[in-house]
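This report describes one protein model from its computed geometry. The sequence and coordinates come next, followed by the description.

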Amino acid sequence: PVAVNCPLTYTLVLANLGAGASADSSLTDTLPLAFMVNSTVPAPTSVVGNVYGWSLGSIGAGASTTVTI
């Protein structure tokens, strides 16, 4: 549990479990309305209300990439 008004950092992992590279990979995260986002790494490519989106490009076979919020 996280106390109210205390910082929270979490990492999302997008993995390609397939045999070939994925093209134009994207990730979307819908955050609770009460969340206040200070930063993300990498920066989101879109933000609409509490929905954050990232265009992450190609991910090689068996590889992964992360987004930290």
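Strands β2 and β4 run antiparallel and are joined by 7 bridges. Strands here are DSSP runs of E with at least two residues, helices are runs of H or I with at least four, and both are numbered from the N terminus. Two strands count as paired if DSSP finds at least two bridges between them. Within this pairing, S25 stands opposite G57 in β4. The model is predicted, so local features need pLDDT of at least 70 and side-chain atom pairs count only at pLDDT 80 or more, while totals for chains, interfaces and linings use all residues. Residues are numbered from 1 along each chain as its sequence is written, and side-chain values use heavy atoms, with hydrogens and water left out.

**The sheet**

The pairing of β2 with β4 belongs to an open sheet of 3 strands, in the order β2-β4-β3 with antiparallel pairing. Its edge strands are β2 (22-30) and β3 (46-48), each of which pairs on one side only. Neighbouring strands of the sheet are turned by 20 degrees against each other on average, direction ignored. For that angle, axes are lines fitted to C-alpha atoms, and angles run from 0 to 180 degrees between N-to-C directions.

On the other side of the sheet order, β3 is joined by 3 bridges to β4 (residues 51-59), and these two strands run antiparallel. Here S46 stands opposite G53 in β4, and V47 stands opposite Y52 in β4. β3 and β4 form a hairpin with 2 residues between them. In the turn, G49 has a positive phi of about 65 degrees.

Strand β4 also contributes to the aromatic count, which comes to 1 pair. Y52 and W54 form this pair, which is stacked, at 6.3 Å centre to centre and 25 degrees between the planes. Rings of Phe, Tyr and Trp (its six-membered ring) pair if their centres lie within 6.5 Å; planes under 30 degrees apart count as stacked, over 60 as edge-to-face and the rest as tilted. Both Y52 and W54 are buried. The term buried means under 20% relative accessible area, exposed means over 50%, and partly exposed lies in between (1.4 Å probe, protein chains only). In a regular strand the side chains alternate between the two faces of the sheet.

**The whole chain**

The protein has 0 helices and 5 strands, and along the sequence it follows the pattern β-β-β-β-β. Its C-alpha trace spans about 45 × 25 × 15 Å along the principal axes. Of the 69 residues in the protein, 20% are buried.

**Exposed positions and backbone geometry**

Four exposed residues are listed with their places and relative accessible areas.

| Residue | Place | Relative accessible area |
|---|---|---|
| N5 | segment before β1 (11-15) | 79% |
| P7 | segment before β1 | 79% |
| L17 | loop between β1 and β2 | 81% |
| D24 | strand β2 | 70% |

Two of these residues have a positive phi although they are not glycine: N5, with a value near 65 degrees, and D24, with a value near 55 degrees. D24 is found in strand β2, whereas N5 is placed in the segment before β1.

Two C-alpha separations help to place the other listed residues. L17 and N5 are 12 residues apart in sequence and 37 Å apart in space. P7 and S55 are 48 residues apart along the chain, and their C-alpha atoms are separated by 25 Å.

**The loop between β2 and β3**

P42 has its place in the loop between β2 and β3. The peptide bond leading to P42 from V41 is cis, with omega near 0 degrees. F35 lies in the loop between β2 and β3 as well. At 38% relative accessibility, F35 counts as partly exposed.

F35 also takes part in a nonpolar surface patch of about 260 Å², made together with V2 and L8. Patches consist of residues with over 30% relative accessible area and no salt bridge; like charges are joined within 9 Å, and nonpolar side chains (Val, Leu, Ile, Met, Phe, Trp, Tyr) within 5 Å. A salt bridge is a side-chain nitrogen of Lys or Arg within 4 Å of a carboxyl oxygen of Asp or Glu. Accessible areas come from the Shrake-Rupley method with a 1.4 Å probe, and for residues only the protein chains shown count as cover.
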